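Hi everyone, thanks for making time for this. I'd like to walk you through one structure, a few residues at a time, so please have the picture open and follow along.

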Amino acid sequence: MRLFVSEGAPGNLPVLAAAGRARGRAELLISTVGPEECMVPFLTRPKVPVLQLDSGNYLFSTSSICRYFFLLSGWEQDDITNQWLEWEATELQRSW
């Protein structure tokens with residue numbers, strides 16, 4: 001897997017924290033790219049963070065990337081985890 005992040009992108013922090021929980025469960029390469037680089041070929045605008053899976057598929061939602069890392073780590077997601085991920089996506093991200 002390959003995780004693309006960009007300096008100063010607001011979604012980096014939760015994704016990197018979730019990736020830390022999954023450390024050792026899968027090989028992960030973290031690459032820093034410019035904010036204008038388009039990492040997902042079918043998106044019309046640049047978007048980071050992006051997780052490219054070994055299958056070639058992309059996850060480009062901060063919440064979905066976090067959930068994927070939680071699954072890898074074996075951490076059972078509960079309602080509180082989902083609530084905070086939704087808050088981050090709808091309230092915190094909107095403020096940037």
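Let's start with Val40. Val40 is buried, because its relative accessible area is 2%, and buried means under 20%. Where in the chain is Val40? Val40 sits in the loop between strand 2 and strand 3. Before I go on, a quick reminder that what you're looking at is a predicted model.

So what is Val40 in contact with, once we leave aside its neighbours within four places in sequence? The list is Val50, Tyr58 and Phe60. Please remember those names, as they'll come back. You can also try a distance here: Val40 and Leu59 are 19 residues apart along the chain, and their C-alpha atoms are separated by 9.0 Å.

Next on that contact list is Val50. You'll find Val50 in strand 3. Is Val50 buried or exposed? Val50 counts as buried, with 0% relative accessibility. Then look at what Val50 touches, again not counting residues up to four places away in sequence: Arg2, Leu3 and Phe4, then Met39 and Val40, then Tyr58, Leu59 and Phe60, and finally Ile65. For Met39 we also have a distance: it is 11 residues from Val50 in sequence, and 7.2 Å from Val50 in space, C-alpha to C-alpha.

While you're around there, go to Pro49. Pro49 is in the loop between strand 2 and strand 3. What kind of peptide bond runs from Val48 to Pro49? That bond is cis, with omega near 0°.

Okay, on to the rings. How many aromatic pairs does a search of the whole structure find? The search gives 3. One of them is Phe42 with Tyr58, an edge-to-face pair with 6.3 Å centre to centre and 75° between the planes. Why does that pair tie together parts that are 16 residues apart in sequence? Because Phe42 lies in the loop between strand 2 (29–32) and strand 3 (50–52), while Tyr58 lies in strand 4 (residues 58–59). Phe42 itself is exposed, with a relative accessible area of 56%.

Another pair is Tyr68 with Phe69, also edge-to-face, at 6.4 Å centre to centre and 65° between the planes. Are these two buried or exposed? Tyr68 is partly exposed at 27% relative accessible area, whereas Phe69 counts as buried at 1%. And here come two of the names I asked you to remember: Tyr58 and Phe60 form one aromatic cluster together with Phe42.

Let's move to helix 2, which covers residues 62–73. Leu72 is in that helix, and so is Ser73. Leu72 is partly exposed, with 26% relative accessible area, but Ser73 is buried at 11%. What do they touch beyond their neighbours within four places in sequence? For Leu72 the contacts are Met1, Ala22, Arg25 and Ala26. For Ser73 they are Arg21, Ala22 and Arg25. Ala22 and Arg25 turn up in both lists. If you'd like a distance away from those contacts, Leu72 and Lys47 are 25 residues apart in sequence and 23 Å apart in space, C-alpha to C-alpha.

Now helix 3, residues 79–92. Trp87 is in this helix, and Ile80 is there too. How open are they? Ile80 counts as exposed, at 55% relative accessibility, and Trp87 counts as partly exposed, at 41%. Together with Trp84 they form a nonpolar patch on the surface, with about 370 Å² of accessible area together. From Ile80 you can also look back towards the start of the chain: Ile80 and Glu7 are 73 residues apart along the chain, and 29 Å separates their C-alpha atoms.

Last stop, the database record. What does UniProt place at residues 1–74? An unreviewed entry there gives the feature "domain: Methionine--tRNA ligase N-terminal". Over those residues the chain is 30% helix and 18% strand, with the end C-alpha atoms 17 Å apart.

To recap: we began at Val40, buried in its loop, and went on to Val50, buried in strand 3. After the aromatic pairs and helix 2, we ended up at the nonpolar patch of Ile80, Trp84 and Trp87 on the surface. Thanks for listening!

Conventions: Residues are numbered from 1 along each chain as its sequence is written. This is a predicted model: local features need pLDDT of at least 70, side-chain atom pairs count only at pLDDT 80 or more; totals for chains, interfaces and linings use all residues. Side-chain values use heavy atoms; hydrogens and water are left out. Rings of Phe, Tyr and Trp (its six-membered ring) pair if their centres lie within 6.5 Å; planes under 30 degrees apart count as stacked, over 60 as edge-to-face and the rest as tilted. Helices (H or I, at least four residues) and strands (E, at least two) are DSSP runs, numbered from the N terminus. Buried means under 20% relative accessible area, exposed over 50%, partly exposed in between (1.4 Å probe, protein chains only). Patches are made of residues with over 30% relative accessible area and no salt bridge: like charges are joined within 9 Å, nonpolar side chains (Val, Leu, Ile, Met, Phe, Trp, Tyr) within 5 Å. Accessible areas come from the Shrake-Rupley method with a 1.4 Å probe; for residues, only the protein chains shown count as cover. A salt bridge is a side-chain nitrogen of Lys or Arg within 4 Å of a carboxyl oxygen of Asp or Glu. Contact means heavy atoms within 4.5 Å. UniProt positions are given in the numbering used here, feature names are shortened, and annotations may be inferred rather than shown by experiment.
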